[in-house]
Amino acid sequence: MNLPPETLFLDDANSALVILDQSLLPTEVKYIHLTALEQVYNAIKELKVRGAPAIGVAAAMGLYIHMKGFFRPDETDAATFMAEMERASVYLASSRPTAVNLRWALQKMIHAVKSCKAGGASELLNKLRKSCEQIKTDDIEANKQIGKYGAALLKPGMGILTHCNAGALATAGYGTALAPIYTAHENGMLLRVYADETRPVLQGARLTAFELQHAGVDVTLICDNMAATVMANGWVDAVFVGCDRVAANGDTANKVGTHGVAILAKRFGIPFYVCAPLSTIDKDTPAGADIVIEERDPAEVTEMFYAQRMAPEGIKVFNPSFDVTPAELITAFITEKDILYPPF
């Protein structure tokens, strides 16, 4: 099975975070080198790297690259190092407010440095490098475990519907919602996947369709408003989606449109599974109503990806990047540790 190109990696020799520019997919596969903190911030903000786990890894590696450039041997003491690291972390965390993995990864980096008892700033920098690389390694391993647990729910010939992109491109590798599909495919189990195009930025059309086709999985692209039709036709046996944040009560924020898919799944008696690492669960957020929902540029709705503008000039646009699916619509969470069923 051919997984898509690597999402991101650390080029320590050239002091760069290297990312696959996902804003260009599927027509162009291009890697860009990010060497400045502002470049990392903009890459996350502009969806050049996207997906909750992937932006967490990107932020961690970007923080390390920034601190490597900030560090001056024999000049930078530990206190100055820590102060700049915390400032840079706050800045990166503000790039996208909804995905908890972003904040989680940055906090993990800070904690690793604060727990380092030895030496000065050079030792702290080395600890940062090891920590960001470990975050990436752990993400890939967690995704493979999600794949194992999720694949146990599948049978040959089943139809799976997915929304947005929660595959290898959304993570450090292998994916969350697509991981069970990849695991099943590797084991010789043939499935049918229906990928919502996912308006307005078309992550399903541009990314999920791209990577599933690349892997040799039977995938059919549908418009978002066709989900009810394929369900009514009896073509969908399960829904697998990823997520950006899970509140303590199980309410889940994911790409806008996920709530509607969950309602449809409930109507047609189709299990609705959320695939996510435990790092996506935010115990500090009591319920979905407490999740900050990012609102994005109106141009994503009116003109992005169109040859010409497709809405009247001056029209008001509401463009939330995410919506919240209530816990009662979720059949189970598939994590790297287990499948979690209600009550959450």
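## Cavities and surface features

By class, eleven nonpolar, nine polar and four charged residues make up the lining of the largest cavity in this model, which is a predicted one. That lining holds 24 residues, and those nearest the centre of the cavity are R50, G51, A52, N165 and D244. Two elements, α2 (52–70) and β9 (252–255), each give two or more residues to the lining of the largest cavity.

A search of the whole structure finds three cavities of 30 Å³ or more, and the two described here are set out in the table.

| Cavity | Volume | Lining by class |
|---|---|---|
| Largest | about 200 Å³ | eleven nonpolar, nine polar and four charged residues |
| Second largest | about 50 Å³ | four nonpolar, three polar and three charged residues |

Around the second largest cavity, the lining consists of P200, V201, Q203, K255, V256, R296, E300, N319, P320 and S321.

Turning to the surface, L278, L340 and F344 together make a nonpolar patch of about 220 Å². Of these, F344 is found in the segment that comes after β14 (339–340), and F344 counts as partly exposed because its relative accessibility is 35%, a value that falls between the 20% limit for buried and the 50% limit for exposed.

Another residue in that class is K130, which lies in helix α5 (residues 121–151) and counts as partly exposed because its relative accessibility is 48%. Although K130 and A112 are 18 residues apart along the chain, their C-alpha atoms are separated by 9.5 Å.

Methods
Residues are numbered from 1 along each chain as its sequence is written. This is a predicted model: local features need pLDDT of at least 70, side-chain atom pairs count only at pLDDT 80 or more; totals for chains, interfaces and linings use all residues. Side-chain values use heavy atoms; hydrogens and water are left out. Helices (H or I, at least four residues) and strands (E, at least two) are DSSP runs, numbered from the N terminus. Buried means under 20% relative accessible area, exposed over 50%, partly exposed in between (1.4 Å probe, protein chains only). Patches are made of residues with over 30% relative accessible area and no salt bridge: like charges are joined within 9 Å, nonpolar side chains (Val, Leu, Ile, Met, Phe, Trp, Tyr) within 5 Å. Accessible areas come from the Shrake-Rupley method with a 1.4 Å probe; for residues, only the protein chains shown count as cover. A salt bridge is a side-chain nitrogen of Lys or Arg within 4 Å of a carboxyl oxygen of Asp or Glu. On a 1 Å grid over the protein atoms alone, a cavity is a set of points where a 1.4 Å probe fits but cannot get out, and a pocket is an open set with protein on both sides within 12 Å along at least five of seven lines; lining residues have an atom within 4 Å of a point. Grid points are joined across faces, edges and corners, and a volume is the space filled by probe spheres set on the points. Ala, Val, Leu, Ile, Met, Phe, Trp, Tyr, Cys and Pro count as nonpolar, Asp, Glu, Lys and Arg as charged, and the others, Gly among them, as polar.
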